[in-house]
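Open the model in your viewer and keep the sequence panel beside it. This tour goes stop by stop.

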Amino acid sequence: MELEQVLKQYFGYDSFRPGQKEVIEQLVRGKDTIALLPTGMGKSLCYQLPGYLFNLPVLIISPLLSLMQDQVEQLKRFGEKRVVAINSFLNKEQKFQVLRYLDRFRFIFISPEMLMQETVKQRISQMELSLLVVDEAHCISQWGFDFRPDYLKIGEVVTKNRPPILALSATATKQVLHDIRSYLKMEEPYEYLHSVDRANIHIAKKLFHTKEEKLDWLVEHVMKTAGPGIIYTRSRNKCDEISERLLQLGLTVSSYHGGKDGEDRQFIQQQFIEGNLEWIVATNAFGMGVHKDNVRQVIHETMPSNVSDYMQEIGRAGRDGKDAVATLLYSERDEEYAKFIASEDLPNETQIDLYKEYSERRENPKSLLNDGLISETSFRVLHYWMNQYPAEQVKTIFRQMLLKKEQQVHEMTNFVKSDRCLREQLVAYFGQTLEKRPTHCCENCGLDEELIFKPREIRENTSKIVGWEGRIRQILIEI
């Protein structure tokens, strides 16, 4: 059957988007494949369609619970019943039943950490898979070394009768591509690298002397320009502070960060997707897997720690192809804070020595956690590397990681302060060449703010609806 026929039969589409058919053809031939496709270009179809061509399960490794659940629900809406996510939402009995009948599913979603659990690993090793997919594959490099080392072990799980591997991402530098190939143990993969440029996203920046000036500008700007929008900041406290200030001014807004429990985060995310919230104020915990096409603005309240994170986050704007604006705010000393955020989870040399001491006296190094001597994230990273190399070599690795992170912050600072075309710099960072500058390209090329920022429409009864908490209170009063 022709691929177009399968596309029409199962998905109702008449034609493929750029890159989809090329990638699927390589997978059908059994070839490892890396596909870099911008957000909104239909990456998931690249493994969903082959799932209907092969009569064997597709294993999809996904980084976030929210992303996993969203992909499962999407497939169910298409009428697919043989789909499951193995995650913490399953109780012990449910997990046992899923693993028992795992080979009966067509699509299996799982996190790297769950994949490394011994019972799961053993069950998957007994199965024949049609495809192994690593979604958001840049996480191998960007997260694996830092705080999710299980990403670095994915290539070790399926070795017997290994199926083709598909690595998917929206952006990846040459170094990230190298890490993907290496850690997934890919064999001369076919690579489809679409341009990372998103011409419909206009790139703005604003420089301030103080953080107070920056915050005042942000509040005034959000009050007068149209969303929906995402405001990214790097601290939970700042999320809540900005959100509360905007709430008091009558906006429908909520903060979103890892300090909120899972149900709250899921509810807030759904409210934003459905259009009941104009703005989300979030840490970088928000965005991946959030399928909202009409985000008109992404604002960075402070400078991200690296260009890759910045590119990923602004890519959540304008997925519908219509005009959107990414605005980066900068004030003096932002780079110092960016360095702190980038390195806070890296274990220090004292912790490395303590880990070694605990091990030598045959005490479980996990006692470092119980004794309050290390954070959970830092321990996870340290535990991985201490099981790979001697302590002195681990110290060298972490020194190199720290230097790399400082270099990335320096690159981001140069980008902010540069007077060259911002779009051209972003595209060059990912080893590509900008083919054409769009109208209202970026701050340095010239932006007409009256044209790119639409005025905010005041919603009816906005003053009575104060965020999602306020709406719940209002419903309870009405009941």
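## Starting behind a helix

Select Gly-79, just after helix H4, where phi is positive at about 95°. Keep in mind throughout that this is a predicted model.

## Helix H4

Step back and select residues 65-77, which form H4. The helix has 13 residues. From its first C-alpha to its last, H4 reaches 18 Å, close to the 18 Å expected at 1.5 Å a residue.

Which residues of H4 are buried? Show Leu-67, Met-68, Asp-70, Gln-71, Val-72 and Leu-75 as sticks. Now add their packing partners: the buried residues of H4 pack against H3, strand S3 (83-86) and S4.

An α-helix has 3.6 residues a turn, so residues three or four places apart point the same way.

## H1 across H3

H3 is the next stop. Select residues 45-53 for helix H3 and residues 3-11 for helix H1. Two packed helices are described by the angle between their axes and the distance between the axes. Here the axes come within 10 Å and cross at roughly 95°. Angles of 65 to 115 degrees count as roughly perpendicular, and H1 and H3 are therefore roughly perpendicular to each other.

Which residues meet? On the H1 side, pick Leu-3, Val-6, Leu-7, Tyr-10 and Phe-11. On the H3 side, pick Leu-45, Gln-48, Leu-49, Tyr-52 and Leu-53. The residues of this contact divide into 9 nonpolar, 1 polar and no charged.

## Ser-111, after S4

Go to strand S4 (107-110) and move on to the loop between S4 and helix H6 (112-115), where Ser-111 is found. Is Ser-111 buried or exposed? Its relative accessible area is 14%. Buried means under 20%, so Ser-111 is buried.

Draw a distance from the Ser-111 side chain to the backbone nitrogen of Met-114: 3.1 Å. Then show the residues that Ser-111 touches beyond four places away in sequence: Ile-61, Ser-62, Met-68, Ile-86 and Arg-148. Met-68 takes you back to the buried residues of H4.

## Met-288, in a later loop

Jump to the loop between strand S11 (279-282) and strand S12 (297-300) and select Met-288. Met-288 is buried, with a relative accessible area of 9%.

What does Met-288 touch, not counting residues up to four places away in sequence? Pro-63, Leu-64, Ser-66 and Leu-67 are among its contacts. Also show Glu-136, His-138, Cys-139, Trp-143 and Arg-316.

For a last view, zoom out and add Glu-357. Met-288 and Glu-357 are 69 residues apart in sequence and 39 Å apart in space, C-alpha to C-alpha.

Conventions
Residues are numbered from 1 along each chain as its sequence is written. This is a predicted model: local features need pLDDT of at least 70, side-chain atom pairs count only at pLDDT 80 or more; totals for chains, interfaces and linings use all residues. Side-chain values use heavy atoms; hydrogens and water are left out. Axes are lines fitted to C-alpha atoms, for helices over the stretch in contact, and angles run from 0 to 180 degrees between N-to-C directions. Helices (H or I, at least four residues) and strands (E, at least two) are DSSP runs, numbered from the N terminus. Angles under 35 degrees count as roughly parallel, over 145 as roughly antiparallel, 65 to 115 as roughly perpendicular and the rest as oblique. Contact means heavy atoms within 4.5 Å. Ala, Val, Leu, Ile, Met, Phe, Trp, Tyr, Cys and Pro count as nonpolar, Asp, Glu, Lys and Arg as charged, and the others, Gly among them, as polar. Buried means under 20% relative accessible area, exposed over 50%, partly exposed in between (1.4 Å probe, protein chains only). A polar contact is a pair of N or O atoms within 3.5 Å; within protein, one must be able to donate a hydrogen and the other to accept it, and residues adjacent in sequence count only if both atoms are side-chain atoms. The expected span of a helix is 1.5 Å times one less than its number of residues.
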